[in-house]
Amino acid sequence: MNTIKIFDTTLRDGEQSPGASMNVDEKIMVAKQLVKLGVDIIEAGFPIASQGDFDAVKRIAEEVHGAVIAGLARAKEEDIRRAYESIKQAPAKRIHTFHSTSDIHLKYQFRVSREEALRRSADMVRFAKSLVEDVEFSPMDATRTDIDYLLEVLEAVVDAGAKTLNIPDTVGYALPQEFGAMIKRIKDKIGDRAVISVHCHNDLGLSVANSLSAILNGAGQVECTINGIGERAGNCSMEEVVMALKTRRDFFNADTNINTKEIIRTSRLITRITGIPVQPNKAIVGANAFAHESGIHQDGLLKEKMTYEIIKPSDIGLNKTELVLGKHSGRHAFKSRLKELGYSLRAEEIESAFVRFKSLADQKKYIFDEDIEALLSEQTTKVTETYKLVDLYVAGGSQAKPMAALKISIGDKVIDRIEYGDGPVDAVYRAIAGAVDTKSTLLKFEVNSITGGTDALGEVSVTLEEEGKKVRGQGADTNILIAAAKAYITALNKLAMRRVNQ
Ligand code: KIV
Ligand code: ZN
């Protein structure tokens with residue numbers, strides 16, 4: 001059995017999805033969850049891109065152990081030095097450097113000859129190798145590169161010390177058979193001198209198929225992201241490629257080190273943090289991925305699950321313990337549920353989650369696992385509360401214009417504000433914006449129901465922009481207007497924190 005390495009680039013290529021930027025604390029939270037999931041390598045960021053990226057990679061390298069931490073760098077000395085500075089504290093570290101190789105990129109974007117691109121690639125791999133043992137090289141736009149030239153570049157960077165050769169389908173142009181054949185040619189040439197990796201984009205919806213085809217032809221590493229997020233149409237989806245290998249082990253004779261029971265939790269964490277929802281019919285992690293609607297299917301399933309189910313929901317961590325807790329559940333039951341869900345929290349974190357759980361249980365009869373996860377995700381991002389919601393009253397109807405009466409504390413002052421709006425959320429947001437006198441702009445507002453039923457916990461995610469900086473805030477409550485207010489106030493608190501830290 002072949003073990004395929006999983007190189008997760010959610011924090012780098014995934015973060016390049018429009019609107020997906022994460023702050024440092026959120027990145028640490030994601031990196032820790034990726035370790036629980038069992039990924040082999042975490043590409044933590046592109047350290048030269050910004051001070052924020054550098055700081056995030058550095059903290060991940062210092063605080064998150066259990067996977068190789070990789071930093072991305074163009075084939076330039078300054079990039080490679082910066083990547084090294086950010087990852088150097090990690091017990092296991094990798095520099096991932098890249099240079100375009102296609103004539104299209106060389107001629108129109110970089111204006112360098114093939115010879116010069118080859119020389120720079122080999123020189124920079126050698127330089128990276130002088131800093132760390134583990135060096136990966138990517139010939140960007142490989143799938144539109146002349147194959148003979150590509151092989152020459154790969155040979156040169158292996159001679160210079162690269163131990164992983166990552167073949168990116170940068171623009172998502174490749175087709176499975178063609179890509180498989182290309183990987184085979186590379187594998188035949190390189191043999192076991194380096195691991196062949198693939199990095200497929202999803203512009204034609206083929207990133208998973210291309211990655212699987214590459215595995216059949218000798219690839220030993222797949223680069224992917226949770227929920228398939230990433231530049232443009234995204235990257236190869238980690239959960240899809242992993243579950244394809246697991247479900248069809250008979251065909252691939254390959255597996256991964258992924259603990260698949262952590263898949264759903266990781267997927268939900270990414271959705272919450274990035275605010276990018278998963279389409280309901282998405283394979284593996286979509287809300288409908290295990291929902292059987294047709295009568296014939298339901299009949300078959302009741303007789304024998306195998307009739308229409310190729311993956312057990314529990315294999316990805318979807319537990320059928322429908323009913324979890326309610327208002328009579330005590331601290332002990334709550335704590336053991338947290339443990340079963342895989343959380344290890346400090347005593348004060350458990351206490352604060354328990355208080356919130358109790359207040360939710362007063363509003364909602366049954367508390368599901370998803371509700372608990374939403375409560376915890378609200379609490380895990382540490383935000384100093386400059387602004388606090390004290391009270392909110394909203395009125396309106398089909399005839400009357402919606403009105404919001406708000407009480408908000410700012411430091412030790414409590415401010416009252418009444419505003420009217422085009423809708424109830426608009427009225428609430430006008431009241432908050434007026435009370436705190438914000439200069440920020442609301443870029444995105446999303447509502448998501450955590451579970452079913454009219455008493456479902458509603459989760460609101462908002463993105464604000466102030467002076468070119470974007471922040472996201474989340475709020476969860478059974479009252480969707482309170483959830484909206486909490487989300488907005490959390491985002492405003494993050495902006496306030498930023499101003500203080502500048
Ligand atoms: O898509 C791509 O080519 C990349 C490289 C930096 C590996 O993301
Ligand atoms: Zn990419």
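**Notebook: helix packing and two single residues**

I began with helices H5 and H6 and noted that H5 passes H6 in a right-handed crossing. I was working from a predicted model.

Next I took down which residues make this contact. On the H5 side I listed Arg114, Ala117, Leu118, Ser121, Ala122 and Val125, and on the H6 side Tyr149, Glu152, Val153, Ala156 and Val157. Sorted by class, the residues of the H5 and H6 contact come out as eight nonpolar, one polar and two charged.

I then looked up the geometry of the pair. H5 covers residues 114–131 and H6 covers residues 147–159; their axes come within 8 Å and cross at roughly 25°. H5 is therefore roughly parallel to H6, because an angle under 35 degrees counts as such.

**H6 and H7**

I went on to the other partner I had marked for H6, helix H7, which spans residues 176–190. The axes of H6 and H7 lie 11 Å apart, and the packing angle is about 40°. H6 is therefore oblique to H7. I recorded the crossing of H6 and H7 as right-handed.

For the contact itself, I listed Ile147, Asp148, Leu150, Leu151, Leu154, Glu155 and Val158 from H6. From H7 I listed Met182, Arg185, Ile186, Lys189 and Ile190. By class, I have eight nonpolar residues, four charged and no polar ones in the contact of H6 with H7.

**Asp53**

I turned to a single residue, Asp53, which sits in helix H2, residues 51–63. Is Asp53 buried or exposed? Its relative accessible area is 12%, so I entered Asp53 as buried, the cut-off being under 20%.

I checked what the side chain of Asp53 reaches, and found the backbone nitrogen of Phe46 at 2.9 Å. Leaving out residues up to four places away in sequence, I noted that Asp53 touches Glu15, Lys27, Gly45, Phe46 and Pro47. Phe46 thus appears in both of my Asp53 entries, as a polar partner through its backbone nitrogen and in the list of touching residues.

**Gly468**

My last residue was Gly468, and I located Gly468 in the loop between strand S15 (458–466) and strand S16 (469–477). Its relative accessible area is 59%, so I entered Gly468 as exposed, since the class begins over 50%.

How far apart are Gly468 and Ile167 in space, C-alpha to C-alpha? I read 34 Å for that pair, with their positions 301 residues apart in sequence.

Note on methods. Residues numbered from 1 in each chain as written. Chains lettered and ligands numbered in written order. Predicted model: local features only at pLDDT ≥ 70, side-chain atom pairs only at ≥ 80, totals over all residues. Heavy atoms only, no water. Axes fitted to C-alpha atoms, helices over the stretch in contact; angles between N-to-C directions. Helix = DSSP H or I, 4+ residues; strand = E, 2+ residues; numbered from the N terminus. Parallel < 35°, antiparallel > 145°, perpendicular 65-115°, else oblique. Left-handed = near helix turned anticlockwise from the far one by under 90°. Contact = heavy atoms within 4.5 Å. Nonpolar A, V, L, I, M, F, W, Y, C, P; charged D, E, K, R; others polar. Buried < 20%, exposed > 50% of the residue type's maximum accessible area, 1.4 Å probe, protein only. Polar contact = N/O pair within 3.5 Å; in protein donor to acceptor, adjacent residues only side chain to side chain.
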